[in-house]
Amino acid sequence: MDTKAPPPPATDEANPLLTEKQVAAYLSITPRHLYSWRMAGFIPYYKIGRAIRFRKAEVDEALARMRVG
């Protein structure tokens, strides 16, 4: 049985990785508020070394889950 590692995720030009500053501006919240949401598990993120990054589509999905009504 030939076992191969899964291919690396394709670079998604339409869904780039965003910085904390970019996501906070996109959501019109403070970076501190974004940090609170991230620590509470509301918004998924990636940790690359010391850098924190977000996928726009995942941020949009998280925002949709927070919708009331």
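This is a walk through two helices, one buried arginine and a surface patch. The model is a predicted one.

Start with helix 1, which spans residues 20-27. Three of its residues are buried: Val23, Ala24 and Leu27. Their directions from the axis cover an arc of only 100°, so they sit on the same side of helix 1. The spacing has a simple background. An α-helix has 3.6 residues a turn, so residues three or four places apart point the same way.

Now turn helix 1 around. The face turned away from its buried side carries Lys21 and Ala25, and both of these residues are exposed. The buried residues, for their part, pack against several elements. Strand 1 (17-19) and helix 2 (31-40) are among them. Strand 3 (51-55) and helix 3 (56-65) also take part in this packing. Just after helix 1 comes Ser28, with a positive phi near 55°.

Helix 2 comes next. Leu34, Trp37 and Arg38 are its buried residues. They too cover an arc of only 100° around the axis, which puts them on the same side of helix 2. Their cover includes helix 1 and strand 3. Helix 1 and helix 2 thus meet through buried residues: those of helix 1 pack against helix 2, and those of helix 2 are covered in part by helix 1. Strand 3 appears in both lists, as a packing partner of helix 1 and as cover for helix 2. Helix 2 is followed by Gly41, whose phi is positive, near 85°.

One residue of helix 2 deserves a closer look. Why does Arg38 count as buried? Its relative accessibility is 9%, and the cut-off for buried is under 20%. What does the side chain of Arg38 make a polar contact with? The partner is the side chain of Glu20, at 3.3 Å. Glu20 belongs to the stretch that forms helix 1, residues 20-27, while Arg38 is found in helix 2. Beyond its neighbours within four places in sequence, Arg38 is in contact with Glu20, Ile43, Tyr45, Ile52 and Phe54. Of these, Ile52 and Phe54 fall within the range of strand 3, 51-55.

Finally, go to the surface. Leu17, Tyr46 and Ile48 make a nonpolar patch of about 250 Å². Leu17 is found in strand 1. Is Leu17 buried, exposed or partly exposed? With a relative accessible area of 34%, Leu17 is partly exposed. Strand 1 therefore has two roles in this account: it packs against the buried residues of helix 1, and its Leu17 contributes to the nonpolar patch, where members need over 30% relative accessible area.

Conventions: Residues numbered from 1 in each chain as written. Predicted model: local features only at pLDDT ≥ 70, side-chain atom pairs only at ≥ 80, totals over all residues. Heavy atoms only, no water. Buried < 20%, exposed > 50% of the residue type's maximum accessible area, 1.4 Å probe, protein only. Helix = DSSP H or I, 4+ residues; strand = E, 2+ residues; numbered from the N terminus. Arc of directions from axis to C-beta. Contact = heavy atoms within 4.5 Å. Polar contact = N/O pair within 3.5 Å; in protein donor to acceptor, adjacent residues only side chain to side chain. Patch = residues over 30% accessible without salt bridge, like charges linked within 9 Å, V, L, I, M, F, W, Y side chains within 5 Å. Areas by Shrake-Rupley, 256 points an atom, 1.4 Å probe, with all protein chains shown as cover. Salt bridge = Lys/Arg side-chain N within 4 Å of Asp/Glu carboxyl O.
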